[in-house]
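Me: I would like to work through a protein model step by step. Please answer each question with brief reasoning and finish on the value or name requested.
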Amino acid sequence: MVILFSFLMSCAIMADSYIGDEPATGLPMVAPAGMGGMKMMHIHVEQITADGLDLRFEADPQKFEVLVEMIDRGECEFLAPIKTSLRAVRIADRVEVKGDVRTAVGLPCARCLKVFETALNSHFALTYTNRREEMEITADQDEVELRPEEINRIFFQGETINLQDAIQEQVILAFPIRVLCSEACRGPCPQCGADLNEGDCGCSRPLSDSRFASLKNFNLK
Ligand SMILES: [Zn+2]
Ligand SMILES: [Zn+2]
C-alpha cells in the first residue's frame, strides 16, 4: 500500500504541473507509436473524448523495476520492447482502460536449460477511479480498506493516469507457468547428461516412468 500510495502521489505531483485548460488544438502529449524510447506511459484524462482515446506506447523493459530484477536474476531476457495498445473510455469519475501488452522474451527451458524465444501477450481491462476527496482523508494511513466493488479498481489522483505499474503487471502475468521450450522437450539424459532432443545417447533407461509403474499396483474394482 505504501508503494501504491507513493505512486498515486507521484501522479498528483505530475498533475500539479498540468494547470488550466488544454488548448483545443493541442496534440496528445503521448507521442505516437514508433517514436522510440517512450517514457510517458500516461493517460491524460481530459484528452479522452466522447469517442474514447486510443493510445500506443513502446517502452524499454529497462524502465520497469521488477522486470529489471527478473533480468538481473537471469530469469529472462527481453528480445523486444514492451508494446502496449489501449483504448480509454471515460464514464463519470471512472476511466475504463482496455488493451493489449506484448513483447518477446528469451526463457531458459526447465528441462533442457536452453534459452528459447517466446512471445508474451496479455489482454487487460482495468478501471481507474478518481478519488480525490477520499485520498485526502486516508492520506496518512498505510492501509486503505476497500469495499468489495473497489477491489478491481485502481485509484488515481488529478488528471493523469500513470500506466507504468499496470503495464509491468501485465507483462509479468503473461509469463508462461510451465517454462518448456516445447511440450515434447526430452531434456538431458539423467545418466550421461546428453541432450536427448538431439538424439538418443544409448544409455539404457527403464521403459516406463516410475510414477506410472506404481499405478499398476492399484487394484481397481
Ligand atoms: Zn527444453
Ligand atoms: Zn545418456
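Me: In the hairpin of E5 and E6, which residue takes a positive phi near 70°?
Reply: The model is a predicted one. Strands E5 and E6 form a hairpin with 6 residues between the strands. Most residues other than glycine have a negative phi. The residue with a positive phi near 70° in this hairpin is Leu 113.

Me: Is Leu 113 buried or exposed?
Reply: Leu 113 lies in the loop between E5 and E6. A residue counts as exposed if 12 or fewer other C-beta atoms lie within 10 Å of its own. Leu 113 has 11 such neighbours inside 10 Å, and therefore it is exposed.

Me: Over how many bridges do E5 and E6 pair?
Reply: The two strands of this hairpin pair in the antiparallel sense. One pair of facing residues is Lys 98 and, in E6, Ala 125. The number of bridges between E5 and E6 is 15.

Me: How far apart in space are Ala 125 and Gly 99, C-alpha to C-alpha?
Reply: Ala 125 belongs to strand E6 and is exposed, with 10 other C-beta atoms within 10 Å. In sequence, Ala 125 and Gly 99 are 26 residues apart. In space, their C-alpha to C-alpha distance is 6.6 Å.

Me: Which residue in the turn between E4 and E5 has a positive phi of about 55°?
Reply: E4 and E5 form a hairpin with 2 residues between them. The residue in question is not a glycine, and it is exposed, with 7 other C-beta atoms within 10 Å. Its place is in the loop between E4 and E5. The residue is Ala 92.

Me: In E5, what is the bridge partner of Arg 87?
Reply: E4 and E5 pair in the antiparallel sense, over 9 bridges. One of the residues of E5 also stands opposite Ala 125 in E6, namely Lys 98. The partner of Arg 87 in E5 is likewise Lys 98.

Me: Which residue in E5 does Glu 77 stand opposite?
Reply: Strand E3, residues 77-78, pairs with E5 in the antiparallel sense. This pairing extends over 2 bridges. Opposite Glu 77 in E5 stands Gly 106.

Me: Why do the buried residues of H4 line one face of the helix?
Reply: In helix H4, residues 164-173, the buried residues are Ile 167, Gln 168, Gln 170 and Val 171. Seen down the axis of H4, these residues do not spread all around but fall within a limited arc, so they line one face. The arc within which they fall is 160°.

Me: Which helix is included in what covers the buried residues of H4?
Reply: The cover includes the strands E4 (82-91), E5 (94-108) and E6 (115-130). Among the buried residues of H4 is Val 171, whose contacts beyond four places in sequence are Leu 67, Ile 82, Val 101, Thr 103, Leu 120 and Ser 122. The helix included in the cover, residues 65-72, is H2.

Me: How far apart in space are Val 66 and Ile 172, C-alpha to C-alpha?
Reply: Val 66 is in helix H2 and counts as exposed, with 12 C-beta neighbours inside 10 Å. Leaving aside residues up to four places away in sequence, Val 66 touches Gln 168 and Ile 172. Val 66 and Ile 172 are 106 residues apart in sequence, while their C-alpha to C-alpha distance in space is 8.7 Å.

Me: Which element gives the largest share of the largest nonpolar core?
Reply: The largest nonpolar core has 27 residues, and those with the most contacts inside it include Ile 43, Ala 88, Val 95 and Val 171. The elements giving two or more residues to this core are E2 (53-59), E4, E5, E6, E7 (153-156) and H4. The largest share, 4 residues, comes from E5.

Me: What pLDDT does the protein chain average?
Reply: The chain comprises 5 helices and 8 strands. Over residues 1-39 the pLDDT is below 50, whereas 65% of the residues in the chain score at least 70. The average pLDDT of the protein chain is 77.

Note on methods: Residues numbered from 1 in each chain as written. Chains lettered and ligands numbered in written order. Predicted model: local features only at pLDDT ≥ 70, side-chain atom pairs only at ≥ 80, totals over all residues. Buried ≥ 20, exposed ≤ 12 C-beta atoms within 10 Å, placed from the backbone. Arc of directions from axis to C-beta. Contact = placed C-beta atoms within 7 Å. Core = buried A, V, L, I, M, F, W, Y, C linked by C-beta atoms within 7 Å. Pairing = 2+ DSSP bridges. pLDDT = per-residue confidence, 0-100.
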